[in-house]
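Student: Hey, can you walk me through this one? I haven't looked at it before.
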Amino acid sequence: MAVFEGTFTQSDQFRFAIVIGRFNDLVTGKLLEGCQDCLKRHGVDVNPDGTQVDYVWVPGSFEVPLVARQLALTSRYDAIICLGAVIRGQTPHFDYVAAEVSKGIAAAGFQTGVPVIFGILTTDTMQQALERAGIKSNLGWSYAMSALEMASLMRQVKGLGGAEHYGNSLSGTSTPTLPASIKSAATSEATPE
């Protein structure tokens, strides 16, 4: 058996998209700075005019999953980083937005096979959000590290091949079939001796 782990090297070959919610931009701007700092220190060209990172600004966190999924469907990116901030207020609005954003980001990754990193702060106060966006530490750095690691790991996993044999295409038209090596092993295990 083998062990697969993502690494933080050879990042100059990866392409990333960063989707940023403009709402609470005092926070999201800081998260973006932390994210860019991490990527740059790991050899990624973060210049918007470069070829490695595309930046997409959306009105708020609620819109992030839709755009992240569309970007993932282009097959241009090794990982997509979603940045936003949802801060609790006096109404249940926070609960609805936070729940839907987290479900949407998870679904975007599951549906496309592209790592979609959840970088949405969900805090009770603006102070808590600012602490996580740079006052105490900047979680933008951690989100970028996750993207680097997952991009590397997914390249390794995709290099195994065989995904097309399981019906994992985005078109949804293929019929799941087992590769011959797995089919024969499954048949021999199922056959009583």
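**Helices, rings and a threonine**

Tutor: Sure. Helix α2 (residues 64-73) and helix α3 (residues 93-112) pack at an angle of about 10°, and their axes are 8 Å apart. Keep in mind that this is a predicted model.

Student: What does that make α2 and α3 to each other, roughly parallel or roughly antiparallel?

Tutor: Roughly parallel. Angles under 35 degrees count as that.

Student: Which residues meet there?

Tutor: From α2 you have Val64, Pro65, Arg69, Ala72 and Leu73, and they meet Val101, Gly104, Ile105, Ala108, Gln111 and Thr112 of α3. By type, the residues of this contact split into seven nonpolar, three polar and one charged.

Student: New topic: how many aromatic pairs does the structure hold?

Tutor: One aromatic pair. It joins phenylalanine 14 and phenylalanine 16, whose ring centres are 6.1 Å apart with the planes at 70°, so the pair is edge-to-face.

Student: Is phenylalanine 14 buried or exposed? And phenylalanine 16, buried or exposed?

Tutor: Phenylalanine 14 is buried, at a relative accessible area of 4%. Phenylalanine 16 is buried too, at 0%.

Student: OK, switching again. Where does threonine 123 lie?

Tutor: In strand β4, which covers residues 116-123. Threonine 123 is buried, with a relative accessible area of 4%.

Student: What does threonine 123 touch?

Tutor: Leaving out residues up to four places away in sequence, threonine 123 touches Val86, Ile87, Arg88, Phe94, Gln128, Ala129 and Arg132. Also, a polar atom of the threonine 123 side chain lies 3.1 Å from the backbone oxygen of threonine 125.

Note on methods
Residues numbered from 1 in each chain as written. Predicted model: local features only at pLDDT ≥ 70, side-chain atom pairs only at ≥ 80, totals over all residues. Heavy atoms only, no water. Axes fitted to C-alpha atoms, helices over the stretch in contact; angles between N-to-C directions. Helix = DSSP H or I, 4+ residues; strand = E, 2+ residues; numbered from the N terminus. Parallel < 35°, antiparallel > 145°, perpendicular 65-115°, else oblique. Contact = heavy atoms within 4.5 Å. Nonpolar A, V, L, I, M, F, W, Y, C, P; charged D, E, K, R; others polar. Phe/Tyr/Trp six-rings, centres within 6.5 Å; stacked < 30°, edge-to-face > 60°. Buried < 20%, exposed > 50% of the residue type's maximum accessible area, 1.4 Å probe, protein only. Polar contact = N/O pair within 3.5 Å; in protein donor to acceptor, adjacent residues only side chain to side chain.
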